[in-house]
2 protein chains.
Amino acid sequence: MTDIDTDNSPIPERKRGSGVKMVYDLLRDEILDLVLPPGSPIDEVQLAERLKMSRTPIREALVRLAGEGLIDTLPNRSTMVANIDFLNLNPFFDALVLMYRVTTRLAAQNHRPEDLPIIRGFHEDYAAAVQARDALTMIATNAAFHAAIAEAGRNPYFTSLFRRLLDEGRRILRLYYQSYEEQFPQRFVDEHAAIIAAIAARDIETADRLGKAHAEQIVEQVQKLFARNNKLDIAL
Amino acid sequence: MTDIDTDNSPIPERKRGSGVKMVYDLLRDEILDLVLPPGSPIDEVQLAERLKMSRTPIREALVRLAGEGLIDTLPNRSTMVANIDFLNLNPFFDALVLMYRVTTRLAAQNHRPEDLPIIRGFHEDYAAAVQARDALTMIATNAAFHAAIAEAGRNPYFTSLFRRLLDEGRRILRLYYQSYEEQFPQRFVDEHAAIIAAIAARDIETADRLGKAHAEQIVEQVQKLFARNNKLDIAL
DNA sequence: TGTATTTTTCTTGTCGACAAATAAAATACA
DNA sequence: TGTATTTTATTTGTCGACAAGAAAAATACA
């Protein structure tokens, strides 16, 4: 082995403020896709070596992730990917259903014409993923679709909470879809279309009702997966 | 002026993890009490000198505060206390009213016996502040009272959003009470008592209704202050 | 005098190093 | 052999220093 890099390290330089964002995005994606499963230890030094930067920007990214509840930090000890409380998902479901409702309702009330193409774009991406039976893309595009609706509702407080819930939902769904290759039914695509129509028509009450029903469908679907999984666990 | 500290700097040492929390709490309090008004620049070096520590823990505290929306950071440039969008407080009011409702409802549903003494304690603190016509303590204890109710509701997603809204509310109220020495009416104390009763009785619907009415009262009160202030602004 | 360009200053972002706190390993002791 | 104590090792929290980026100041030019 020689001292000279095989690639002669041509461009090891990054732009000045990009380090933190790079680490943040990388870790966030790996956490949400369960590449880093809940409970995984996160080693600052190791990350620093891998990404060829000092610990400082990595530390800042970790602080931000901790603020969003994606990692847990034990003082003076280890830091690890946040666990999911599978024994009591009710608070999560409660918050998720309410935010589905509220953001859909507000989108019907406050959206601007330029919002609709964006929402429709994610809707089509989602439909394509359903067609292709690509569960992972379905999970991600579904979250993006509803996040876009929330943006159109123009309430940053609701939007930020909803994004956090959708992120957590990605982790939960990913956990079950990777083992069972389940898929969202076509029904969800149709419901998305109906939601878009209600928003475009500025029909607030219908949007509210559809948002709530859609959310409860999803919760029910997840709970079904859970029940089946628990039965299997017991059977084994 | 001599080089020797007047106090001989006897214990300049802090415990290891306490630096960040100290800075965070200090800045948070100063921001919420408008000691640092919206738009104030925050100088890392200056803070480091004042608190006799390096910039690293200060930076970490700033990252956390930015994550909570209390400060804004411009890349490679200044960082300053987050502004308040006075021209459009509707999203704030919408979110505030909904969280008042939801947290009060959930408290009626999920509280445990040990939660009630805590809630009643803040209730008494608030009543005392009203009696003493101490506007600042009223603002703070009112927020603490409702945060305690949210905790009893045991939904961390709602609680964290609600805390953020209550923080923002402290800033808004503080701005107006410091100029007009207005005060919350006795009515709010009575409403608080009724809310506690509904929670203790586990009367979910009543708690929901009272929480909503109480929130709308507060929003109306704030909007009244705004209207009066705007009239004065125009008159001047 | 007004505008464009260069220089300076000031603040932030990143780095490498060191010390404290904890966990793990090793040792002593019963 | 089992428990308590010391020692080692690993990881975090903090520090001081330096360089990049942008604003402000100074200069050049019309």
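**Exercise 1. Find where A:L34 sits in chain A, and work out what stands out about its backbone.**

Step 1: place the residue. A:L34 is in the loop that runs between helix 1 and strand 1 of chain A. Helices (H or I, at least four residues) and strands (E, at least two) are DSSP runs here, numbered from the N terminus.

A word on the model before going on: it is predicted, so local features need pLDDT of at least 70 and side-chain atom pairs count only at pLDDT 80 or more, while totals for chains, interfaces and linings use all residues. Residues are numbered from 1 along each chain as its sequence is written, chains are lettered from A and ligands numbered from 1 in the order in which they are written, and side-chain values use heavy atoms, with hydrogens and water left out.

Step 2: check the backbone. Phi of A:L34 is near 60°, a positive value in a residue other than glycine. Most residues other than glycine have a negative phi.

Step 3: check burial. A:L34 has 12% relative accessibility and counts as buried. Buried means under 20% relative accessible area, exposed over 50%, and partly exposed in between (1.4 Å probe, protein chains only).

**Exercise 2. Do the same for B:R133: is it buried or exposed?**

Step 1: look at the loop between helix 5 (115-131) and helix 6 (135-153) of chain B; that's where B:R133 is found.

Step 2: phi of B:R133 is near 55°, again a positive value in a residue other than glycine.

Step 3: B:R133 has a relative accessible area of 59%, so it is exposed.

**Exercise 3. Work out the strand order of the sheet in chain A, and say which strands stand at the edges.**

Step 1: the open sheet has 3 strands in the order 1-3-2, with antiparallel pairing. Two strands pair if DSSP finds at least two bridges between them.

Step 2: strand 1 (41-42) and strand 2 (71-73) of chain A are at the edges; each has a single partner strand, so one side of each lacks a neighbour in the sheet.

Step 3: strand 2 of chain A is joined to strand 3 (residues 79-81) by 3 bridges. Within that pairing, A:D72 stands opposite A:M80.

Step 4: now try chain B. Its 3 strands also form an open antiparallel sheet in the order 1-3-2, and B:T73 has B:T79 in strand 3 as its bridge partner.

**Exercise 4. Describe the protein surface around DNA strand C.**

Step 1: count the residues. There are 23 around DNA strand C, and the closest are A:R16, A:S54, A:R77, B:R59 and B:R77. A residue is near a strand if one of its heavy atoms lies within 4 Å of it.

Step 2: sort them by type. They divide into 5 nonpolar, 8 polar and 10 charged (Ala, Val, Leu, Ile, Met, Phe, Trp, Tyr, Cys and Pro count as nonpolar, Asp, Glu, Lys and Arg as charged, and the others, Gly among them, as polar).

Step 3: see which part of the DNA is involved. Of the atoms of DNA strand C within 4 Å of the protein, 68% belong to sugar or phosphate and the rest to bases.

Step 4: pick out polar contacts, meaning pairs of N or O atoms within 3.5 Å; within protein, one must be able to donate a hydrogen and the other to accept it, and residues adjacent in sequence count only if both atoms are side-chain atoms. The side chain of A:R77 has an N or O atom 2.8 Å from a phosphate oxygen of DNA strand C. For B:R55, a polar side-chain atom is 2.8 Å from a base oxygen of that strand.

**Exercise 5. Turn to DNA strand D: which residues are closest?**

Step 1: of the 22 residues surrounding DNA strand D, the closest are A:R59, A:R77, B:R16, B:S54 and B:R77.

Step 2: a backbone N or O atom of B:S54 lies 2.6 Å from a phosphate oxygen of DNA strand D, and a polar side-chain atom of B:R77 lies 2.8 Å from a phosphate oxygen of the strand.

**Exercise 6. Trace what surrounds A:N155.**

Step 1: A:N155 lies in the loop between helix 6 (135-153) and helix 7 (156-180) of chain A, and is buried at 3% relative accessible area.

Step 2: its side chain reaches the backbone nitrogen of A:Y157 at 3.0 Å.

Step 3: leaving out residues up to four places away in sequence, A:N155 touches A:L106, B:P91, B:D94 and B:A95 (contact means heavy atoms within 4.5 Å).
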